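Work through the exercises below with the structure in view. Each task is followed by a solution in steps.

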Amino acid sequence: MEVIVARDYDEMSRVAANIIKDEIIKKPDMVLGLATGSTPKGMYRELIGYYNRGELDFSNIITFNLDEYVGLDKEHPSSYHHFMNDIFFDHINIGLENTHVPDGKAQNLEEYCKQYDRLIKEKGGIDLQVLGVGENGHIGFNEPDEELNMDTSIVELTESTIEVNSRFFESIDEVPKTAITMGMNGIMQARKIILMANGKRKAPIIRRIVNGMKLTTRLPVSLLMLHHDFTIIVDEEAYNG
Ligand code: F6R
């Protein structure tokens, strides 16, 4: 595990975007695993900047997002579909047919989850997975529990995640209680993983990871320490508290 401490949010975003840029230059048809939330917004902004300056070409890139709320339309302003289009895909030269965000309105959700994993495999597997981390140690929507899912699955969100994510909705009652998420195996199969965290709220969980916590399904992020190419990029607030 490598830990990079950036001065602030902007520097963290630049470092992450630079890693992605290098990987895209090495493999212009790479499969990129993406996350939503507040953390990666600056990284998407940096990547759009590279595209606008003619330094990156996304036309052959394939993306898979980690998760989506169950029951939200793609157009719903709080859906992860909408977030990805609005924050990133609409501003670069990626074909929307090459982007994949789980469909929270799929008819048969269980079958859909299996299809999602099959599709990732068919496309050659994820080359680089971008992650954020929940204050409770979740990655994707793999919430702390006695057992964790291997494959893409439907999961119940914890009260704390619902509360934290209610800032993206008009009221907490609107936050869906279930979501589709890539499972632990899907994430761990990525050839390279980068995880970003910024701000004081993330300091307790980052401190535990950086201090070499024990593995526990009660903190799904701890399993990433088993990955052979795992980089954490944090700002000073998340690092020092
Ligand atoms: C989002 C995701 C989540 C977030 C995490 C942190 O696709 O998978 O695990 O990365 O909840 O969210 P923010 O970045 O909003 O603090």
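**Exercise 1. Polar contacts of the ligand**

Task: Which residues have an N or O atom close enough to an oxygen atom of the ligand to count as a polar contact, with the cut-off at 3.5 Å?

Solution. The model is predicted.
Step 1: Take Ser38, where a polar backbone atom is 2.8 Å from an oxygen atom of the ligand.
Step 2: Turn to Gly140, which has a backbone N or O atom 2.7 Å from an oxygen atom of the ligand.
Step 3: Go on to Arg167, whose side chain places an N or O atom 2.8 Å from an oxygen atom of the ligand.
Step 4: Of the ligand's own accessible area of 410 Å², the protein covers 95%.

**Exercise 2. The surroundings of the ligand**

Task: Where does the ligand sit, and which residues come nearest to the ligand?

Solution.
Step 1: The ligand is located in the largest pocket.
Step 2: There are 14 residues around the ligand, and those that come nearest are Thr39, Asp67, His138, Gly140 and Lys202.
Step 3: Sorted by kind, the shell has 8 polar, 3 charged and 3 nonpolar residues.

**Exercise 3. An aromatic pair**

Task: Is the pair formed by the rings of Phe88 and Phe89 stacked, tilted or edge-to-face?

Solution.
Step 1: The structure has 9 aromatic pairs.
Step 2: The ring centres of Phe88 and Phe89 are 5.8 Å apart, and their planes meet at 40 degrees, so this pair is tilted.
Step 3: Phe88 and Phe89 are both buried.
Step 4: Together with Tyr44 and Phe58, Phe88 and Phe89 make up one aromatic cluster.

Technical notes: Residues are numbered from 1 along each chain as its sequence is written. This is a predicted model: local features need pLDDT of at least 70, side-chain atom pairs count only at pLDDT 80 or more; totals for chains, interfaces and linings use all residues. Side-chain values use heavy atoms; hydrogens and water are left out. Rings of Phe, Tyr and Trp (its six-membered ring) pair if their centres lie within 6.5 Å; planes under 30 degrees apart count as stacked, over 60 as edge-to-face and the rest as tilted. Buried means under 20% relative accessible area, exposed over 50%, partly exposed in between (1.4 Å probe, protein chains only). A residue is near a molecule or strand if one of its heavy atoms lies within 4 Å of it. A polar contact is a pair of N or O atoms within 3.5 Å; within protein, one must be able to donate a hydrogen and the other to accept it, and residues adjacent in sequence count only if both atoms are side-chain atoms. Accessible areas come from the Shrake-Rupley method with a 1.4 Å probe; for residues, only the protein chains shown count as cover. On a 1 Å grid over the protein atoms alone, a cavity is a set of points where a 1.4 Å probe fits but cannot get out, and a pocket is an open set with protein on both sides within 12 Å along at least five of seven lines; lining residues have an atom within 4 Å of a point. A molecule sits in a cavity or pocket if more than half of its atoms lie within 2 Å of its grid points. Ala, Val, Leu, Ile, Met, Phe, Trp, Tyr, Cys and Pro count as nonpolar, Asp, Glu, Lys and Arg as charged, and the others, Gly among them, as polar.
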